[in-house]
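Hi,

Here is the structure I promised to pass on. Have a look at it first, and my notes follow underneath.

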Amino acid sequence: MSIYKPVSFPKMSPKSDREIQALTKAHYRTFTFRKTIRDFSERPIPEEAIKNCIRVASLAPSGANHQPWHFVAISSKITKIKIRDAAEREEKKFYSSINNDEWLQALEPIGTGPNKLHLETAPWLIVVFAERYGCKIDGTTYKNYYVPESVGIASGFLISAIHQAGLYCLVHTPNPMKFLTKICNRPASNKPVMILAIGHPAKNAKVPYAATLKKPLEQILTTIR
Ligand SMILES: Cc1cc2nc3c(=O)[nH]c(=O)nc-3n(C[C@H](O)[C@H](O)[C@H](O)COP(=O)(O)O)c2cc1C
């Protein structure tokens, strides 16, 4: 017997084409204000707001609906310092060993370096983990599908929710980042994917000009009618 069980779902009120045009335009406009910042103020963010953003991420589509993700939300100063120290150790190694001119040239206009003060000043860090495989309560494991795609989409939902709340974030990807599994006390099935530093911008925060240049639609869109 099939275990497929169709159920009805809450439907949104239908929109006219004109409303759809206006909504998509307004949404685009909202997102022209999304910027990655690296200088955070110390203004705190309520924990419930962070939970709501993660609730949004939890609604993302995923391969076979396995939801192969886990989020660790950190406001503990001690843990943030541990993460900053470990990330800076890795970054210093990375920057001193890097002899790939192309990579260095790509990073230069963004102005990033091995100093990661934001990992300490941002009021919240969310570490995103991918569940390479799932674990049942009895200890048996099961396969997850399209894990990088699913976690990428959930992270996009999360970043959108952060932006829609009037907050800013930085996607940070130390390389390697295995230390995060240990600091966050996650099982071996969990692979760290990124750290999101979340907060309000510092008074004198600036963004790199290079990051404001986005490819025009003609360059990223092919329409087949
Ligand atoms: C997967 C990924 C990894 C990133 N890693 C870092 C990082 O380690 N450090 C950093 O300063 N910015 C990092 N960024 C932020 C990018 O530099 C930033 O998104 C880009 O410059 C465009 O700027 P915008 O987000 O303001 O549009 C990362 C972004 C993504 C999507």
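**The sheet**

Bear in mind that this is a predicted model. It has an open sheet of 4 strands, running in the order β1-β2-β6-β5 with antiparallel pairing. β1 (69-74) and β5 are the edge strands: each has a single partner strand, so one side of each has no neighbour in the sheet. Going from strand to neighbouring strand, the turn is 25° on average, direction ignored.

If you want to check the pairing at the β1 end, β1 and β2 (residues 124-131) are joined in the antiparallel sense over 6 bridges. One position to click on is I74, whose bridge partner in β2 is L125.

**The ligand**

Which residues are around the ligand? They are K35, T36, R38, I110, T112, L170, V171, H172, T173, V207 and A211. By type, this shell splits into 5 nonpolar, 4 polar and 2 charged residues. Strand β5 (residues 168-172) supplies the largest share of the shell, with 3 residues. So the ligand brings us back to β5, one of the strands at the edges of the sheet.

**Helix α1**

Then there is α1 (residues 17-32), where I compared length with expectation. Its 16 residues at 1.5 Å a residue should span 22 Å, and the end C-alpha atoms are 23 Å apart, which agrees. Is there much cover over this helix, or little? α1 is hardly covered, as the count of buried residues among its 16 residues is 0.

That's what I have so far.

Cheers

Notes: Residues numbered from 1 in each chain as written. Predicted model: local features only at pLDDT ≥ 70, side-chain atom pairs only at ≥ 80, totals over all residues. Near = placed C-beta within 6 Å. Helix = DSSP H or I, 4+ residues; strand = E, 2+ residues; numbered from the N terminus. Nonpolar A, V, L, I, M, F, W, Y, C, P; charged D, E, K, R; others polar. Pairing = 2+ DSSP bridges. Axes fitted to C-alpha atoms, helices over the stretch in contact; angles between N-to-C directions. Expected span 1.5 Å × (residues − 1). Buried ≥ 20, exposed ≤ 12 C-beta atoms within 10 Å, placed from the backbone.
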